Amino acid sequence: MAVVSSKLDPEVANRLRRNEAGLVPVIVQEHGTGEVLMLAWMDDEALHRTLTTGRATYWSRSRNEYWLKGETSGHVQHVKSMAIDCDGDTLLLTVEQTGGACHTGNHTCFYTPLEVAG
């Protein structure tokens with residue numbers, strides 16, 4: 001389970017609606033193109049680290065640890081902007097992406113199209 005930090009600005013923390021694990025989904029979008037790159041998760045500490053360093057930090061649900069994007073791969077995300085949605089239950093992160101955003105090496109995680117009837 002993610003760790004909740006008291007370092008996050010209380011005004012921001014009070015606006016967030018977290019799931020039962022204390023996490024908020026983060027939609028990651030490429031600055032300039034608007035392309036959706038990935039979906040990740042943050043707790044209060046990951047959000048605090050992202051806001052104070054300008055580098056995207058997430059909570060890895062599979063590894064149960066903080067994940068500084070690009071720390072091992074070099075595929076860094078420099079934060080350009082962040083926003084909270086109207087319900088406080090989703091974050092939008094706009095980044096300058098270096099290398100692939102996806103763990104497969106692809107630029108985006110959304111590279112598999114599905115057929116839609118119509």
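**Group meeting talk: a walk through a predicted model**

Okay, let's start with one residue: L39 sits in strand 2. Before I go on, please keep in mind that this is a predicted model. So, is L39 buried, exposed or something in between? Its relative accessibility is 47%, so L39 counts as partly exposed. Leaving out neighbours within four places in sequence, L39 is in contact with P25, V26, I27 and F110. Take V26 from that list: L39 and V26 are 13 residues apart in sequence, and their C-alpha atoms are 5.6 Å apart in space.

Let's zoom out to the whole chain. How confident is the predictor? The average pLDDT of the protein chain is 92, and 95% of the residues score at least 70. Looking element by element, strand 1 has the highest mean, 98, while helix 1, residues 10-13, has the lowest, 91.

What do we have in terms of secondary structure? The chain has two helices and six strands. If you read from the N terminus, you go α-β-β-α-β-β-β-β.

And the overall dimensions? Along the principal axes, the C-alpha atoms fill a box of roughly 45 × 40 × 30 Å. For 118 residues, a compact globule would have a radius of gyration near 13 Å, and this chain has 14 Å, which agrees. As for burial, 38% of the 118 residues count as buried. Here's another one for your notes: among contacts with a separation of 6 or more, 45% are between residues 24 or more positions apart.

Now, the sheet. Four strands make an open sheet in the order 2-1-6-5, and the pairing is mixed. Which strands are at the edges? Those are strand 2 and strand 5, residues 77-84, and each of them pairs on one side only. From one strand to the next, the twist averages 25°.

Let's see where the mix comes from. Strand 1 and strand 6 are parallel, with five bridges between them. In that pair, Q29 stands opposite T94 of strand 6. On the other side, strand 5 and strand 6 are antiparallel over seven bridges. There, H78 stands opposite E96 in strand 6, and S81 has T94 as its bridge partner. So find T94 on your screen: Q29 stands opposite it, and S81 is bridged to it too. Strand 5 and strand 6 also form a hairpin, with six residues between them, and G88 in that turn has a positive phi of about 75°.

Why do I call strand 6 largely enclosed? Because five of its seven residues are buried, the rest of the structure largely encloses it. Then there's helix 2, which lies across strand 2, strand 5 and strand 6, and runs at about 120° to strand 5.

Next, the other hairpin. Strand 3 and strand 4 run antiparallel and are joined by four bridges. One of the pairs is Y58 with W67 in strand 4. Here's a bit of background: in a regular strand, side chains alternate between the two faces of the sheet. What about the two faces of strand 3? Both are covered: T57 and W59 are buried on one side, Y58 and S60 on the other.

Between these strands there are four residues, and N64 is the one to look at, with a positive phi near 55°. N64 has that positive phi although it is not a glycine. N64 lies in the loop between strand 3 and strand 4, residues 65-68 being strand 4. At 48% relative accessibility, N64 counts as partly exposed.

Last stop, the inside. The largest nonpolar core has 22 residues, and the ones touching the most other members are V26, V28, M38, M42, Y58, L91 and L93. Which elements give two or more residues to it? They are strand 1, strand 2, helix 2, strand 3 and strand 6. Strand 2 gives the largest share, five residues.

Let's finish with V28 from that core. Setting aside neighbours within four places in sequence, V28 is in contact with E35, V36, L37, M38, Y58, Q77, L93 and V95. Look for M38, Y58 and L93 there: like V28, they are among the core residues that touch the most other members. Okay, that's my tour, thanks for listening!

Terms used. Residues numbered from 1 in each chain as written. Predicted model: local features only at pLDDT ≥ 70, side-chain atom pairs only at ≥ 80, totals over all residues. Heavy atoms only, no water. Core = buried A, V, L, I, M, F, W, Y, C linked by side-chain atoms within 4.5 Å. Buried < 20%, exposed > 50% of the residue type's maximum accessible area, 1.4 Å probe, protein only. Contact = heavy atoms within 4.5 Å. pLDDT = per-residue confidence, 0-100. Pairing = 2+ DSSP bridges. Axes fitted to C-alpha atoms, helices over the stretch in contact; angles between N-to-C directions. Rg over C-alpha atoms; globule rule 2.2 N^0.38 Å.
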